[in-house]
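I opened a notebook for this structure and wrote down what I looked up. The entries follow in the order I made them.

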Amino acid sequence: MHGTMKVLGRADLHMHTTFSDGWPSPTQLVDHVIRHTDLDVIAVTDHDTIEGALRAADRAGSRRRLQVIVGEEVSSRDGHILALFLERRIRPGMSAAATVNAIHEQGGLAVAAHPFWRTGRQVRSGPVHGVGWLAAELDFDAVEVENATPGFYVFNRLARRLNLGLGAPEIGSSDAHILDAVGRAYTEFPGRSTADLMTAIKRGETEAGRSRYRAVGLMRYAAWGFNHQRYAVAAAR
Ligand SMILES: [Zn+2]
Ligand SMILES: [Zn+2]
């Protein structure tokens with residue numbers, strides 16, 4: 001062994017509750033994380049609302065075991081953007097650039113979620129989920145290079161490749177809509193707290209990782225049905 005041993009914390013910064021299209025309630029989500037995972041930090045990021053995140057933060061309360069970041073997955077006109085460390089909701093429907101600005105205005109961090117996720121062919125009128133190459137052009141604080149949604153292998157590869165050139169801080173997150181998915185992708189960072197995590201993102205000291213699904217988890221995900229469509233936004237007109 002050489003060098004100093006660093007305490008590494010583990011975070012899952014992208015998950016959904018019943019306040020958008022997730023299955024678990026904020027309470028079920030927090031209780032599950034505490035009982036069944038080794039996550040130190042989570043961000044609850046429902047589509048276009050922070051209500052679920054606020055409830056999850058309440059549930060975690062002052063328990064030392066887990067800290068909850070109030071987040072939102074904002075449906076910008078150009079694709080989904082994760083907003084972390086929010087005080088107020090960011091409204092959907094703005095351009096990606098305006099969304100990133102609005103997040104920064106309240107001291108939050110903006111993450112390009114699954115930047116290369118496109119459903120179907122890349123027709124101009126089709127739904128856009130990720131911001132694509134805007135991840136490189138705008139002032140994002142981090143790029144989600146691992147997203148644990150089943151079937152995202154190629155999208156993750158593309159995101160990693162983009163980020164090789166970009167060198168932005170990397171995030172791994174589950175995008176969990178069911179409890180089995182929680183922590184299947186994660187972000188490791190020096191320290192344990194939300195403040196440590198924020199520092200690590202700003203310094204580019206985060207590392208994205210993966211852990212396998214249990215078979216039953218994949219079956220439950222199939223049952224959930226990848227029902228993201230409701231939150232898809234129209235591509236460039
Ligand atoms: Zn999304
Ligand atoms: Zn999501």
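**Aromatic pairs**

I looked up Tyr221 and Trp224 and found both buried; buried means under 20% relative accessible area, exposed over 50%, and partly exposed in between, with a 1.4 Å probe and protein chains only. I note that this is a predicted model, in which local features need pLDDT of at least 70, side-chain atom pairs count only at pLDDT 80 or more, and totals for chains, interfaces and linings use all residues. Residues are numbered from 1 along each chain as its sequence is written, chains are lettered from A and ligands numbered from 1 in the order in which they are written, and side-chain values use heavy atoms, with hydrogens and water left out.

I searched the whole structure for aromatic pairs and got five. Rings of Phe, Tyr and Trp (its six-membered ring) pair if their centres lie within 6.5 Å; planes under 30 degrees apart count as stacked, over 60 as edge-to-face and the rest as tilted. Tyr221 and Trp224 have ring centres 5.5 Å apart and planes at 75 degrees, so I entered the pair as edge-to-face. These two residues are three apart in helix 7 (residues 215–224), about one helical turn. Helices (H or I, at least four residues) and strands (E, at least two) are DSSP runs, numbered from the N terminus.

I also entered Phe152 and Phe155 as edge-to-face, because their ring centres are 5.0 Å apart and their planes are at 85 degrees. Phe152 is buried at 5% relative accessibility. Trp117 joins Phe152 and Phe155 in one aromatic cluster.

**Zinc ion (ligand 2)**

Which residues are the protein donors of the zinc ion (ligand 2)? I found His14 (NE2), His16 (NE2), Glu73 (OE) and Asp175 (OD), at 2.1 to 2.2 Å. Donors are N, O and S atoms within 2.8 Å of the metal (3.2 Å for Na, K and Ca); water is not among the atoms, so sites may look incomplete.

Why is the arrangement irregular? The four donor atoms subtend angles of 80 to 167 degrees at the zinc ion (ligand 2), which makes the arrangement irregular. Four donors count as tetrahedral if all angles lie between 85 and 135 degrees; four count as square planar and six as octahedral if opposite donors are over 155 degrees apart and all others between 65 and 115; anything else is irregular.

I wrote the donor spacing as H-x1-H-x56-E-x101-D. Glu73 is in strand 4 (residues 72–76) and Asp175 in the loop between strand 9 (170–173) and strand 10 (185–190), so the pair ties together parts 102 residues apart in sequence. Glu73 is buried at a relative accessible area of 0%, and Asp175 is buried at 1%.

**Zinc ion (ligand 1)**

I listed Glu73 (OE), His80 (ND1) and His114 (NE2) as coordinating the zinc ion (ligand 1), at 2.0 to 2.2 Å. Their spacing along the chain is E-x6-H-x33-H. Glu73 coordinates both zinc ions, ligand 1 and ligand 2, which are 3.5 Å apart. His114 is buried, with a relative accessible area of 3%.

**Positive phi**

Most residues other than glycine have a negative phi. I noted Phe85, not a glycine, with a positive phi of about 65 degrees. Phe85 is in the loop between strand 5 (79–84) and helix 3 (96–105) and is buried at 17% relative accessibility. Asp175 also has a positive phi, near 55 degrees.
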